[in-house]
Amino acid sequence: MADKIRFVNYPKQYQQLKTEFDAVFEEVMSNGDFIMRRHLEEFEHNLAQYVGTRHAIGVNTGTDALYLSAQALGFGPGDEIITVAHTFVATVGAIVQCGAKPILIDIRDDFNMDVNQIEQVITPKTKGLIPVHLNGHACDMDKIMELAQKYNLKVIEDAAQALGAEFKGKRCASFGDTSIFSFYPAKMLGTPGDGGMICTNDDTLARKLRAFRDNGRVESVDVIECFGWCTRLDNLHAAILDMKFKYFDKWIERRREIALAYDQGLIGIEGLTVHPRADATYFDVYQNYVIRTKRRDELVQHLRNSGIEVLISWRTPLHKQKALGLTHFNLPVTEQISNEVISLPMYPELTDDEVQIVVNTVWDFFKK
Ligand SMILES: Cc1ncc(COP(=O)(O)O)c(C=O)c1O
């Protein structure tokens with residue numbers, strides 16, 4: 001049996017960058033710079049520049065970034081917000097927590113929102129759209145922004161899985177009224193804990209979001225501009241993220257190399273569909289490499305028995321989670337995809353040999 005191949009390998013990254021991780025810790029601890037300090041400002045500045053937005057506002061999680069965005073855009077009771085069920089629960093949660101109603105539409109074979117279904121569900125109550133750029137692949141932002149303009153809808157881009165991804169040469173998270181990232185450890189830019197970011201080009205929204213994340217305070221602790229929440233990206237995480245950010249483009253290149261190796265290694269297996277390969281309209285960054293097969297559960301078992309960790313995102317789509325009250329939606333592509341998907345190990349520290357072992361192990365299963 002092969003040595004264990006992890007789905008993500010945090011200790012390996014730490015060992016490779018140990019000197020830098022330790023130096024960041026030493027600096028932040030020695031200076032006692034914990035909340036709303038220089039590293040946060042620098043990381044926000046660097047991220048905004050990278051994405052191409054005027055503002056980036058660090059918060060506690062991607063979940064909070066979605067919720068604060070929805071609040072800042074005024075989503076509330078009586079409003080309908082269009083999104084997908086093939087996403088992490090927080091996307092839909094942000095809508096519900098504001099008192100608005102989620103309207104779920106189906107996805108395409110690239111796992112993203114089927115933009116041709118948007119217009120069919122628009123009503124006078126529709127106020128917003130939350131496209132999710134899943135697995136590091138952009139949604140069709142031409143169509144989404146065209147409809148948003150036509151029907152006067154607000155757009156929150158859920159780019160939790162798409163830092164660095166592009167649509168027609170423009171980075172994800174630079175299209176919408178606001179957009180969000182997650183720095184959950186397994187994300188392409190992950191922190192050892194939780195973290196999130198909101199991006200926007202709108203100065204008024206940015207000020208509101210800064211107030212929301214810090215109990216209404218923006219410039220002075222003595223002036224409270226509104227009631228808010230306490231959901232700041234803390235300075236230690238910002239410092240770590242900023243240090244890691246230097247490597248980010250190199251890591252994307254490595255992810256794209258691994259994706260190509262999986263594509264080439266797995267192509268031609270009867271009963272298996274490799275991760276969809278996008279045309280030149282898109283620049284994919286492979287937060288996840290997702291294969292599909294009708295024999296999903298058997299293959300997962302085979303991979304796990306062979307020491308290869310994989311993930312299923314997601315086995316039960318959100319509209320099939322009984323507790324959420326969304327069972328009235330009928331989303332056949334989402335349902336089929338949920339029965340078939342497996343995410344393979346995908347991270348820059350994965351070696352060529354490990355990729356080959358994964359490929360061989362998948363082949364072994366289908367040869368049996
Ligand atoms: C698509 C998507 N949206 C939102 C989130 C929420 O981010 P976080 O875990 O940082 O709250 C995630 C993270 O899992 C995600 O994958």
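This report walks through the overall build, the two domains, the core and the ligand surroundings of one protein model.

Please keep in mind that the model is predicted: local features need pLDDT of at least 70, side-chain atom pairs count only at pLDDT 80 or more, and totals for chains, interfaces and linings use all residues. Residue numbers start from 1 along each chain as its sequence is written.

**Overall build**

Let's begin with the whole protein, which has 13 helices and twelve strands. Both are DSSP runs numbered from the N terminus, with helices being H or I over at least four residues and strands being E over at least two. The radius of gyration is 21 Å, close to the 21 Å from the globule rule for 368 residues, so the protein is as compact as a globular protein of that length. That radius is taken over C-alpha atoms, and the rule is 2.2 Å times the number of residues to the power 0.38. Of the 368 residues, 47% are buried, meaning that 20 or more other C-beta atoms, placed from the backbone, lie within 10 Å of a residue's own.

**Two domains**

The domain assignment, which is automatic or from a database, splits the protein as follows.

| Domain | Residues in the assignment | Residues in the contact |
|---|---|---|
| domain 1 | 11-104 + 112-245 | 22 residues |
| domain 2 | 249-367 | 21 residues |

Here, contact means C-beta atoms, placed from the backbone, within 7 Å. The centres of the two domains, taken over C-alpha atoms, are 25 Å apart. On the side of domain 1 that touches domain 2, α1 (10-16), α5, β3 (101-105) and β6 (166-167) each supply at least two residues. The largest share, three residues, comes from α1.

**The core**

A nonpolar core is a set of buried Ala, Val, Leu, Ile, Met, Phe, Trp, Tyr and Cys residues joined through C-beta atoms within 7 Å. The largest one has 105 residues, and A70, I180, M197 and I198 touch the most other members. Helix α4 gives the most to this core, six residues. Both domain 1 and domain 2 contribute at least three residues each. Leaving out residues up to four places away in sequence, I198 touches eight listed partners, among them I57, V59, L68 and I180.

**Around the ligand**

Which residues come nearest to the ligand? They are T61, G62, T63, A160 and S182, out of 15 around the ligand; a residue counts as near if its C-beta atom, placed from the backbone, lies within 6 Å. Helices α4 (62-72) and α5 (89-97) each give two or more residues to this shell.

Definitions and conventions: A residue is buried if 20 or more other C-beta atoms lie within 10 Å of its own, exposed if 12 or fewer, and partly exposed in between; C-beta atoms are placed from the backbone. Two residues are in contact if their C-beta atoms, placed from the backbone, lie within 7 Å.
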